[in-house]
Amino acid sequence: MDRAGKRELVAELGDVFKKTSVVVVAHYSGLTVAQLQDLRKRMRDAGASVQVAKNRLAKIALDGTDVASIGPLLKGPTLIAYSDDPVAAPKVAVAFAKDFDKLVILGGAMGTTALNPDGVKSLATMPSLDELRAKIVGLINAPATKIAQLSTAPAAKLARVFGAYAKKDAA
């Protein structure tokens, strides 16, 4: 790779580190090409991305970003997974690491907060942004349905009472 290509890669990685909300760093030594392609597909389906870059160039791109705390993790064959959704990349990385033990999660960063491997795993267990939105909508919708049920309950009770009297009179 020539100098212009390196500068372009550093600029691209710098933009990624500035714009994403979470970054996960993992060792991928021992994974086959097919397994890496599977990881990339799973990440893409979840709205995340995976990139393998030279550690030296990634460290240069980290300077001046919020996620600069991942610099010491960049040793050996590392890959960087990132996403705008704070739980997408960690969730896929942890699930993939369970399936393939060759992927070893080293840590990561969420904003200015450095994450150890346990922090990444705990972040992966949190519900996604879409799941949280669905829960909020459900909570907002629940009182409205209860009000509707309460308003129709007296009429239903009256109908049952009249039905009971009608059956009593008929007997």
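**Exercise 1. A salt bridge within helix 2**

How many residues apart in helix 2 are D38 and R42, and what separation in helical turns does this give? Describe the contact between their side chains and the exposure of each residue.

*Solution.* The structure considered here is a predicted model.
Step 1. D38 and R42 stand 4 residues apart in helix 2, so about one helical turn separates them.
Step 2. Their side chains form a salt bridge, with an N to O distance of 3.3 Å. This distance satisfies the criterion, because a salt bridge requires a side-chain nitrogen of Lys or Arg within 4 Å of a carboxyl oxygen of Asp or Glu.
Step 3. D38 has a relative accessible area of 26% and is therefore partly exposed. R42, at 28%, is likewise counted as partly exposed.

**Exercise 2. From a pair to a network**

Determine how many salt bridges the model contains, and identify the residues that are linked in a network.

*Solution.*
Step 1. The count comes to 3 salt bridges.
Step 2. One of them joins the side chains of K41 and D45, at 3.0 Å from N to O. Both residues belong to helix 2 and lie 4 residues apart, about one turn of the helix. K41 is partly exposed at 45% relative accessibility, whereas D45 is exposed at 57%.
Step 3. Another salt bridge connects the side chains of D99 and R42, with 3.1 Å between N and O. This pair links distant parts of the chain, since D99 is in helix 4 and R42 is in helix 2, 57 residues apart.
Step 4. R42 takes part in the bridge to D38 and in the bridge to D99. D38, R42 and D99 are accordingly linked in a network of salt bridges.

**Exercise 3. The span and packing of helix 4**

Compare the span of helix 4 with the expected value, and state which elements its buried residues pack against.

*Solution.*
Step 1. Helix 4 covers residues 88-99, which are 12 residues.
Step 2. The expected span is 1.5 Å times one less than the number of residues, which gives 16 Å for this helix. The distance from the first C-alpha to the last is 17 Å, close to that expectation.
Step 3. The buried residues of helix 4 are A88, A89, P90, V92, A93, V94, F96 and A97.
Step 4. These buried residues pack against strands 1, 2, 3 and 4, and also against helices 2 and 5.

**Exercise 4. An aromatic pair**

Classify the arrangement of the rings of F96 and F100 as stacked, tilted or edge-to-face.

*Solution.*
Step 1. The model has 1 aromatic pair by the rule applied. The ring centres of F96 and F100 are 4.6 Å apart and the planes stand at 35°, so the pair is tilted. The reason is that planes under 30 degrees apart count as stacked and those over 60 as edge-to-face, with the rest tilted.
Step 2. F96 is buried, with a relative accessible area of 0%, while F100 is partly exposed at 23%.

**Exercise 5. Two residues and their contacts**

State whether Q51 and V87 are buried or exposed, and list the residues that each touches, leaving out those up to four places away in sequence.

*Solution.*
Step 1. Q51 lies in strand 2. Its relative accessibility is 13%, so Q51 counts as buried. Q51 touches L9, E12, L13, L79, I80 and Y82.
Step 2. V87 occupies the loop between strand 3 and helix 4. With 5% relative accessibility, V87 counts as buried. The residues that V87 touches are L123, M126, P127 and S128.

Technical notes: Residues are numbered from 1 along each chain as its sequence is written. This is a predicted model: local features need pLDDT of at least 70, side-chain atom pairs count only at pLDDT 80 or more; totals for chains, interfaces and linings use all residues. Side-chain values use heavy atoms; hydrogens and water are left out. Helices (H or I, at least four residues) and strands (E, at least two) are DSSP runs, numbered from the N terminus. Buried means under 20% relative accessible area, exposed over 50%, partly exposed in between (1.4 Å probe, protein chains only). Contact means heavy atoms within 4.5 Å. Rings of Phe, Tyr and Trp (its six-membered ring) pair if their centres lie within 6.5 Å; planes under 30 degrees apart count as stacked, over 60 as edge-to-face and the rest as tilted.
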